[in-house]
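Here is a short tour of a protein model, written with a computational chemist in mind. Have a look at the sequence and the fold, and then we can walk through some of the details together.

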Amino acid sequence: MASSFFSDFGLMWYLEELKKDEFRKFKELLKQEPLQLGLKQIPWADVKKATREDLANLLMKHYDEQQAWNVTFSIFHKINRQDLCEKAKKEITGYTKTYRAHIKEKFNNIWFSESVTRIYDYFEKELTQKERGYFEFLFVSKEIRRRTVVLRGIQGIGKTTFLVKLMLAWAEGTLYQEQFSYVFYFCCREVKQLITTSLAALISRGWSDSLAPIVEITSQPDRLLFVIDSFEELNYDLNEPESDLCSDWMEERPVQVILSSLLRKKMLPESSLLIAAVPVYPRAIEERLEHPEIKTLAGFSESKRKLYFCCIFQDTSRALEAFSFMRENEQLFCMCQIPVLCWVVCTCLKQEMKKGKDLALSCRRTTSLYTSFVLNLFIPKGASCPDGPSQGQLKGLCSLAAEGMWTDTFVFSEDDLRRNGLVGSDIPTLLDVKALQKCRDTENSFAFIHVCVQEFCAAMFYFIKSHTNHPNPDVGCTEALLFTYLKKVKVHWIYLGCFMFGLLNEKEQQKLDAFFGSHLCQEIQQKFQQHIQSIGESKHLQGQVDFLVLCYCLFEMQNEAFVRWAVGLFQDINFSITDKSDLLVSAYCLKHCSGLRKLWFSIQNVFKEENADTSIWLFFEVLTYSPDLKHLDLSGTRLSRNDVVLLCDALNNPTCNIEKLLLANCGLSADDCEGFSWVLKSSTKLKLLNVSYNYLDKGLPLLCEALRHPACVLEALVLGCCYLSEHCWGNIYEVLLCNKSLIHLDLSTNVLKYEDLKLLCEALKQPICHLKSLCVLNCFITPDGCGDLASVLTENPNLRSLQIGCNDIEDVGVKLLCEALTHPDCHLEDLGLGACKLTSACCENLASALTSSKTLRRLNLTGNALDHGGVLVLCEALRHPECRLQVLG
């Protein structure tokens, strides 16, 4: 009997298997059973109140592990739970111990050999408290069965390392002891090399020549966890028909079918799954998984980045100087959350500082850092410039990288290297300088240390050689590359286009010239200029390319004249900002958009109110740089109080020409109305303001005061779903009587009681009210209110549009409105009655209005239960020669 059994497997799990009565009997028998085995009793007071977990701890406290097991085993027999004894015997004397030993050896080897950068030499392989809490949260307790967790993380963020730590912690008995008897790790990069297999073969691979353990393992499928790493490597979307899936774990089938059967719960449905993948895998896959929970891995924290800098530099002052530079550069700071790229940044900054270079000049942008890093790899130690062999090796490496990017290849064979001019004697050098690394999953195969390094080398290929000279015809021209990147056709192309533009920077051209002696920068820039010109001249192409991606490219280039020319081709722009980098690069480009007319964007999760960041001013400053910008849509962007102040400051700037401002669902509050009130009083250009879906109730008096100001020129105000209460309607009444410019008012989705509607109608009936369009959708208007609205139609000659859909006005209310429509003083042109609980009983009234009204052009009746007879009545009216209606909905 294994002495480490209880620490490895946990007695508590066996006690949890007991029913309530059985657990009570177990406690009763524990009074005498130890005495019969020659052991001391556990105090009954402690046993009586103990939970299952407490009792397991008591047994471990009072007896050694062997004694605790003997007591437990004896009592299990007496309460007829021999099945638990059998399970325990199998686990103690069976295959679990062998498997755990195998896992320890395998994953210890992986830990100490996986990373060529040795970055994890500076961190413990044991789980930190935070990591343990994260893993335990994924699978909270053994009661949670059939759980599927998808762990997302960008390439190189540390998913595999995270899973290696999980496997080691489980094998060493410190994680998931009560949940999982076995945890199996499948690396998809390795598994996809198989053509056919069975789940039994996958499980026993590497640690058992016999299939005998499989029967024991699969006897408790709810105690199994399958860890699937690098899922995106399989490159398929689990779309096999249900009939093709397999439920027999012994049956040999194509490896894709086996994995699909496991992941889609056709095979061992009671088991749990942990699937690690990059975020770009098809989202349709999640729909085929059973209730997946999506988690995101964040990578290196800021404290770990700082620690790593200190470890690499050793000189603390130099380390902190480099760290401070990196911290202030948003793009480099983001790069360093990826461990291997943190090593790249550290290595490059250390080299440049040793040379006495100014980091602000040599490593300011992502491209400049990669250029310095990669070129430094191929300059022999002690030399100031490369030799011939080094140049040849880098050219071959760039050729290999380009082939890989176009063919979606990230693991290369020796034949691949040879085809691109790299011979066997080059390989040790490429491994030694850490340009390439060996792949542990496949013999004699190699990969770049990170796909970003591969992307940079692929971009550099075009500056040293024409694509027509590449040995692989799949490598495309610069035009194909640019459009593929801007259209985001290839999801693995993260930085390739940015690196192309970045290498066009004058300082990068100087680096290339010093290393290679010549380059094709001028030719590439001319071609890019032609391609961007074609985008600017085609609305169709503009709709296909991602403007924010283009911004990143232009930001890397840092050529203000070129940027001004390129963005000047765009008049209408639409994009979303999801992080601070997006904000910085888009602001950089937009301030050069001299021809911009319409801008729609949203900003999500970039700023926190408690830490208002003045860098958002970089973005709002665009409003003062773009004299042609008339339309700004920020709907859906969460704006803090400080953000609103900065926005209003920009709107008040005399050079700002915004006419339409849309701020729906921006998290605005009543306090923000003060800023907008000043804008309404001072701006002579703002014509439309949409602040719908914001909680503005108590701030409305400030807006209304501004609307009554003689300098206010606003023509359209949208206050839909602004939670307006009773005190607001008096203010709106005053606005309708005083404001001479307001012609459209939308009050939809606010509670408009009868007395409040009556008040509004009193204002609308006055000859000094200039309103032409009123929208009161979903305002709880009843048939009684239609009488007041009908009087407005006959007494206000200005009103042209009335939208009252989604109100229960019913046939009675429509009759009152139709009577008004037939009145000669009614000039209404557009009436919306959608979803108003109308029946065919009102069709005669509607038909009369259609044939009598000289002005009605549009009528919306969608969402009403009109039967065949009612429709016939309306059709007859539509055929009448006096009917002026043009649109019926």
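## Contacts and overall build

Among contacts in the protein between residues at least 6 apart in sequence, the share that joins residues at least 24 apart is 78%. Please keep in mind that this is a predicted model. The protein has 889 residues, and 54% of them count as buried.

In terms of secondary structure, you will find 45 helices and 22 strands. Taken along the principal axes, the box filled by the C-alpha atoms is roughly 105 × 85 × 55 Å.

## A three-stranded antiparallel sheet

Let us turn to one sheet. In which order do its three strands lie? The order is 8-10-9, in an open sheet with antiparallel pairing. Strand 8 and strand 9 are the edge strands, since each pairs on one side only. As general background, strands of a sheet pair through backbone hydrogen bonds, either parallel or antiparallel.

Strand 10 (residues 445–448) has neighbours in both of these edge strands. With strand 8 (residues 412–413) it pairs over two bridges, and Phe412 has Phe446 as its bridge partner in strand 10. With strand 9 (residues 436–438) strand 10 pairs over three bridges. There, Leu436 is matched with Phe448, while Gln437 is matched with Ala447. The side chains of strand 10 point in two directions: Ser445 and Ala447 go one way, Phe446 and Phe448 go the other way, and all are buried. A helix joins the picture too: helix 23 (residues 388–407) lies across strands 8, 9 and 10, and runs at about 90° to strand 10.

## Strand 6 and its parallel partners

Strand 6 (residues 272–277) is another good place to zoom in. Six of its six residues are buried, so strand 6 is largely enclosed by the rest of the structure. Ser272, Leu274 and Ala276 point one way, and Leu273, Ile275 and Ala277 point the other way.

Which way do its partners run, parallel or antiparallel? Strand 1 (residues 148–152) pairs with strand 6 in the parallel sense over five bridges, and Leu151 has Ala276 as its bridge partner. Strand 4 (residues 224–229) also runs parallel to strand 6, joined by four bridges. In that pairing, Leu225 is partnered with Ser272.

## Two helices that cross

Helix 10 (residues 129–138) and helix 11 (residues 159–171) have axes that come within 11 Å and cross at roughly 85°. That angle makes helix 10 roughly perpendicular to helix 11. From helix 10, the residues in the contact are Glu131, Tyr134 and Phe135, and they meet Phe162, Lys165 and Leu166 of helix 11. Sorted by class, this contact has four nonpolar, no polar and two charged residues.

## Cysteines without partners

How many disulfides does a search of the whole structure find? The search finds zero. For Cys439, the nearest cysteine sulfur belongs to Cys187 and is 9.8 Å away. A disulfide needs the two sulfur atoms within 2.5 Å, so Cys439 is in no disulfide. Cys439 counts as buried because its relative accessibility is 16%, and the cut-off for buried is under 20%.

Cys875 is likewise in no disulfide; its nearest cysteine sulfur is that of Cys843, 9.7 Å away. With a relative accessible area of 29%, Cys875 is partly exposed.

Key. Residues numbered from 1 in each chain as written. Predicted model: local features only at pLDDT ≥ 70, side-chain atom pairs only at ≥ 80, totals over all residues. Heavy atoms only, no water. Axes fitted to C-alpha atoms, helices over the stretch in contact; angles between N-to-C directions. Parallel < 35°, antiparallel > 145°, perpendicular 65-115°, else oblique. Contact = heavy atoms within 4.5 Å. Nonpolar A, V, L, I, M, F, W, Y, C, P; charged D, E, K, R; others polar. Buried < 20%, exposed > 50% of the residue type's maximum accessible area, 1.4 Å probe, protein only. Pairing = 2+ DSSP bridges.
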